[in-house]
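Me: Could you take a close look at one part of this model for me, the aromatic pair, and then walk outward from there? I'd like one connected answer rather than a list.

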Amino acid sequence: MDMLKEFRDFIARGNVMDMAVGIIIGAAFTAIVTSLVEDLINPIIGLFMGGVDFSGMGIRIGEGDNAGVFAYGNFITALINFLIIAWVVFLLVKMVNKVKDMAMKAEQASAETPAGPTQEDLLMEIRDALKARG
């Protein structure tokens, strides 16, 4: 029963929901990056390399219909996908860190701003000034 309670507490945390949303968006983003690489980048690379198509690159291992294929072209495509995703994640983390730094600086600046006199302090100054005049 303790494990079920721990699991319920774990699921109830907000971070788990944020993580789930991130995974779903990441899956959709992966599909976009895969299309970008396969449909746009690979044809351009292939054009510069004399019409080479990475997805079809491979070495046949064995004979007949059951022969395996060492598909290094798919690996090259996956590597390009990884580099693009890693670059975008790097840019996102960099942007989030920049926003956090700006928020911290603004918070520190507001904390360093001296607080003005309180209402009681002002009333005491007026009282003392009136006493000195009279």
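Reply: Here's the aromatic pair, followed by its helix and then the rest of the chain. Keep in mind that this is a predicted model, and the numbers below are computed from it.

The search for paired rings comes back with 1 aromatic pair. That pair is Trp87 with Phe90: the ring centres sit 5.5 Å apart and the planes make an angle of 35°, so it goes down as tilted. With stacked meaning under 30 degrees and edge-to-face over 60, an angle of 35° lands in the tilted class. Both residues belong to helix 3, and being 3 residues apart there puts about one helical turn between them. How covered are they? Trp87 has a relative accessible area of 52%, which makes it exposed. Phe90, at 43%, is partly exposed. The cut-off for exposed is over 50%, so Trp87 passes it with its 52%, while Phe90 with its 43% does not.

Stay on that helix for a moment. Helix 3 covers residues 72-112, and Gly73 lies in it too. Gly73 is a contrast to the ring pair: its relative accessibility is 0%, so it counts as buried. What does Gly73 touch, once you leave aside the neighbours within four places in sequence? The answer is Phe54 and Met57. There's also a C-alpha separation of 7.9 Å between Gly73 and Asp53, a residue 20 positions away along the chain.

Now for some nonpolar surface elsewhere. Phe7, Phe10, Ile11, Met19 and Ile23 make up a nonpolar patch with about 500 Å² of accessible area together. Two elements give two or more residues each to this patch: helix 1 (2-12) and helix 2 (14-48). Helix 1 supplies the largest share, 3 residues. Ile23 is placed in helix 2, and with a relative accessible area of 56% it is exposed.

For charged side chains, the whole structure yields 1 salt bridge. Its partners are Asp128 and Arg127, with 3.2 Å between the closest N and O atoms. Both ends are partly exposed: Asp128 has a relative accessible area of 41%, and Arg127 has 42%.

Zooming out, the protein has 4 helices and 2 strands. Reading from the N terminus, the order is α-α-β-β-α-α. The overall shape is a long way from a ball: for 134 residues, a compact globule would have a radius of gyration near 14 Å, but here the value is 31 Å. Along the principal axes, the C-alpha atoms fill a box of roughly 115 × 55 × 15 Å. As for burial, 10% of the 134 residues count as buried, and Gly73 is one of the buried residues. The exposed surface comes to about 11,400 Å², with 68% of it supplied by carbon and sulfur atoms. Finally, among contacts with a separation of 6 or more, 39% involve residues 24 or more positions apart.

So, back to your starting point: the ring pair is tilted, and it sits on helix 3 with an exposed Trp87 and a partly exposed Phe90.

Notes: Residues are numbered from 1 along each chain as its sequence is written. This is a predicted model: local features need pLDDT of at least 70, side-chain atom pairs count only at pLDDT 80 or more; totals for chains, interfaces and linings use all residues. Side-chain values use heavy atoms; hydrogens and water are left out. Buried means under 20% relative accessible area, exposed over 50%, partly exposed in between (1.4 Å probe, protein chains only). Contact means heavy atoms within 4.5 Å. Rings of Phe, Tyr and Trp (its six-membered ring) pair if their centres lie within 6.5 Å; planes under 30 degrees apart count as stacked, over 60 as edge-to-face and the rest as tilted. Patches are made of residues with over 30% relative accessible area and no salt bridge: like charges are joined within 9 Å, nonpolar side chains (Val, Leu, Ile, Met, Phe, Trp, Tyr) within 5 Å. Accessible areas come from the Shrake-Rupley method with a 1.4 Å probe; for residues, only the protein chains shown count as cover. A salt bridge is a side-chain nitrogen of Lys or Arg within 4 Å of a carboxyl oxygen of Asp or Glu. The radius of gyration is taken over C-alpha atoms; the globule rule is 2.2 Å times the number of residues to the power 0.38.
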